[in-house]
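Got the viewer open? Let's take a walk through this one together, one selection at a time.

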Amino acid sequence: LHLASVEVALYAELQHGLDRALTVIEKTAISEFGEYQQSVGPFPAWAELAESTKDDRVSQGYTENDPLLRSGDLRDSSGHEVHGLEGIAGSTDPVMVYQEFGTKTIPPRPVWGPAALRNQAKIERILGAARAEGLLYGAGIHPSLGYDFQTSGEGSPIKP
């Protein structure tokens with residue numbers, strides 16, 4: 001019974017941790033729409049919008065130079081889902097694939113991969129805390145262990 005209860009607690013905490021990690025990625029990705037991004041890891045910096053794109057944006061009533069941000073529909077299609085111990089963060093808009101990876105005529109403007117890389121240390125702390133809290137039945141972790149994020153429990157509140 002003891003081992004079964006440890007397994008249940010571990011599963012629940014890992015699921016909470018995964019949801020928290022994907023929330024961090026999603027928030028970072030959403031903040032990048034409309035702002036040119038620097039390169040990170042294997043992902044290139046965003047290229048300047050073409051003059052023809054800027055002209056088209058202005059003719060449609062949008063600002064001239066906010067990459068990936070016209071009406072906000074692409075940004076607003078962002079989200080994440082957790083199913084068991086698997087999760088995904090991304091966009092439900094098929095246009096995001098062309099923006100993320102580029103085409104013959106559109107340079108890549110990656111959002112999701114860079115958002116994950118920029119948060120790698122934070123994600124590692126979140127998932128490490130989830131694993132430790134699961135083994136401790138959801139109890140808080142002492143700060144001296146280096147985990148500054150709690151996934152649940154009655155201890156300090158979850159930090160952004």
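Here is a short tour, from the whole chain down to single side chains.

**Stop 1: the whole chain**

Before you click on anything, keep in mind that this is a predicted model. Show the chain as a cartoon and you should find six helices and two strands. Follow the chain along its sequence and the order reads α-α-α-β-β-α-α-α. The chain has 160 residues, and 35% of them are buried. Now switch on the surface: about 9300 Å² is exposed, with carbon and sulfur atoms supplying 58% of that area. One more number for the overall view: of the contacts with a separation of 6 or more, 55% are between residues 24 or more positions apart.

**Stop 2: from α1 to α5**

Select glutamate 32 and arginine 118. These two form a salt bridge, and their closest N and O atoms are 2.5 Å apart. Glutamate 32 belongs to helix α1 (residues 2–32) and arginine 118 to helix α5 (residues 112–118), so this pair ties together parts that sit 86 residues apart in sequence. Are the two partners buried or exposed? Glutamate 32 has 3% relative accessibility, so it counts as buried. Arginine 118, at 33%, is partly exposed. By the rule used here, the model has five salt bridges, and there are others to visit.

**Stop 3: around lysine 54**

Next, click on lysine 54, which you'll find in helix α2. Its relative accessible area is 7%, so it counts as buried. Which residues does lysine 54 touch, leaving aside its neighbours within four places in sequence? The answer is Glu48, Leu49, Glu64 and Asn65. Add glutamate 48 to the selection: its side chain meets that of lysine 54 in a salt bridge, at 2.8 Å from N to O. Glutamate 48 is partly exposed, at 46% relative accessibility. Now include Glu51 as well, and you have a network of salt bridges that links Glu48, Glu51 and Lys54.

**Stop 4: arginine 70 and aspartate 56**

Stay with helix α2 and pick aspartate 56, then arginine 70. They make a salt bridge as well, with 3.1 Å between the closest N and O atoms. The pair links distant parts of the chain, since aspartate 56 is in helix α2 while arginine 70 is in the loop between α2 and α3, 14 residues apart. Both ends are partly exposed: arginine 70 has a relative accessible area of 34%, and aspartate 56 has 33%.

**Stop 5: leucine 68**

In the loop between α2 and α3, select leucine 68. Check its backbone angles: phi is near 65°, a positive value in a residue other than glycine. Leucine 68 is also buried, with a relative accessible area of 13%.

**Stop 6: the largest pocket**

Finish at the largest pocket, which holds about 340 Å³ of space. To centre your view, select Leu49, Thr53, Leu68, Arg70 and Gln99, the residues that lie nearest the middle of the pocket. You've met some of these already. In full, the lining has 19 residues. Which helices should you colour here? Try α2 (51–59), α3 (73–76) and α4 (95–101), as each supplies at least two residues of the lining. Then colour the lining by type: it divides into nine nonpolar, five polar and five charged residues.

Technical notes. Residues numbered from 1 in each chain as written. Predicted model: local features only at pLDDT ≥ 70, side-chain atom pairs only at ≥ 80, totals over all residues. Heavy atoms only, no water. 1 Å grid on protein atoms, 1.4 Å probe; cavity = no way out; pocket = protein on both sides within 12 Å on 5 of 7 lines; lining within 4 Å. Points joined across faces, edges and corners; volume = space filled by probe spheres on them. Helix = DSSP H or I, 4+ residues; strand = E, 2+ residues; numbered from the N terminus. Nonpolar A, V, L, I, M, F, W, Y, C, P; charged D, E, K, R; others polar. Salt bridge = Lys/Arg side-chain N within 4 Å of Asp/Glu carboxyl O. Buried < 20%, exposed > 50% of the residue type's maximum accessible area, 1.4 Å probe, protein only. Contact = heavy atoms within 4.5 Å. Areas by Shrake-Rupley, 256 points an atom, 1.4 Å probe, with all protein chains shown as cover.
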